[in-house]
Amino acid sequence: MTVLRSVALFALAALFEIGGAWLVWQGIREHRGWIWIGAGVIALGLYGVVATLQSDDNFGRILAAYGGVFVAGSIAWGMVADGYRPDRWDVFGALICLTGMAVIMYAPRSH
């Protein structure tokens, strides 16, 4: 699997997981109803499916690396969907997480 395909899968997984959680949040906290909650649950299920498409066979590695994508993606989602404005420490922390993701997933390994 190419790094580009792997990164695209992580981005798609983030879209489903963060978007799904946001839809559930909107359904419950913003009183938008069961349709929003149901759509969120479906999106969260799709996140689980997309995560399995990574070529690495180690569940722990995939989910640990995805954690970095989740952190950065959550900040980006908040900016777009909710008008959140991260400060420099938020950005710095997200970059650290993405660096960790890259090390976990793409560092050369001897098999």
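A residue counts as buried when its relative accessible area is under 20%. That cut-off will help in the views below, which show a predicted model.

**View 1. Tyrosine 66 sits among other rings.**
Tyrosine 66 has a relative accessible area of 4%, so it is buried. Its ring and the ring of phenylalanine 70 have centres 6.2 Å apart and planes at 55°, and therefore the pair is tilted. Both residues belong to helix α3, where four residues, about one turn of the helix, separate them. Unlike a buried residue, phenylalanine 70 is partly exposed, with 32% relative accessibility.

**View 2. Tyrosine 47 and tyrosine 66 pair across two helices.**
Here the centre-to-centre distance is 5.2 Å and the planes are 40° apart, which is again a tilted aromatic pair. What does this pair link? It joins distant parts of the chain, since tyrosine 47 lies in helix α2 and tyrosine 66 in helix α3, 19 residues apart. Tyrosine 47 is buried too, with a relative accessible area of 13%. Step back a little and you can find one aromatic cluster made of Phe10, Tyr47, Tyr66 and Phe70. In the structure as a whole there are six aromatic pairs.

**View 3. The largest nonpolar core draws on four helices.**
This core has 13 residues, and those touching the most other members are Phe10, Tyr66, Val69, Met101 and Met105. At least two core residues come from each of α1 (3-29), α2 (34-51), α3 (59-82) and α4 (88-106). Which helix gives the most to this core? That is α1, with five residues.

**View 4. Methionine 101 and its contacts.**
For a closer look at one core member, follow methionine 101. Once neighbours within four places in sequence are set aside, methionine 101 is in contact with Phe10, Ala65, Gly68, Val69 and Tyr106. Two of these names, Phe10 and Val69, also appear among the core residues that touch the most other members.

**View 5. A cavity lined by Leu9, Phe10 and others.**
The model has one cavity of 30 Å³ or more, and the volume of the largest cavity is about 40 Å³. Its lining is made up of Leu9, Phe10, Ala13, Val50, Ala51, Gln54, Ile62 and Tyr66. Helices α1, α2 and α3 are the elements that give two or more residues to this lining, and α1 provides the largest share, three residues. By residue kind, the lining of the largest cavity has seven nonpolar residues, one polar and no charged.

**View 6. The largest pocket, lined by residues of α1 and α3.**
The largest pocket has a volume of about 180 Å³. Around the largest pocket you will find Glu17, Ile18, Ala21, Trp22, Trp25, Phe70, Ser74, Trp77, Gly78 and Asp82. The elements giving two or more residues to this lining are α1 and α3. How do the lining residues divide into nonpolar, polar and charged? There are six nonpolar, two polar and two charged residues in the lining of the largest pocket. Phe70, one of the residues lining the largest pocket, is also part of the aromatic cluster in the earlier view.

**View 7. Histidine 31, in the loop between α1 and α2.**
The last view turns to a loop. Histidine 31 lies between α1 and α2, and its phi is near 55°, a positive value in a residue other than glycine. Is histidine 31 buried or exposed? With a relative accessible area of 70%, histidine 31 is exposed.

Conventions:
Residues numbered from 1 in each chain as written. Predicted model: local features only at pLDDT ≥ 70, side-chain atom pairs only at ≥ 80, totals over all residues. Heavy atoms only, no water. Core = buried A, V, L, I, M, F, W, Y, C linked by side-chain atoms within 4.5 Å. Buried < 20%, exposed > 50% of the residue type's maximum accessible area, 1.4 Å probe, protein only. Contact = heavy atoms within 4.5 Å. 1 Å grid on protein atoms, 1.4 Å probe; cavity = no way out; pocket = protein on both sides within 12 Å on 5 of 7 lines; lining within 4 Å. Points joined across faces, edges and corners; volume = space filled by probe spheres on them. Nonpolar A, V, L, I, M, F, W, Y, C, P; charged D, E, K, R; others polar. Phe/Tyr/Trp six-rings, centres within 6.5 Å; stacked < 30°, edge-to-face > 60°.
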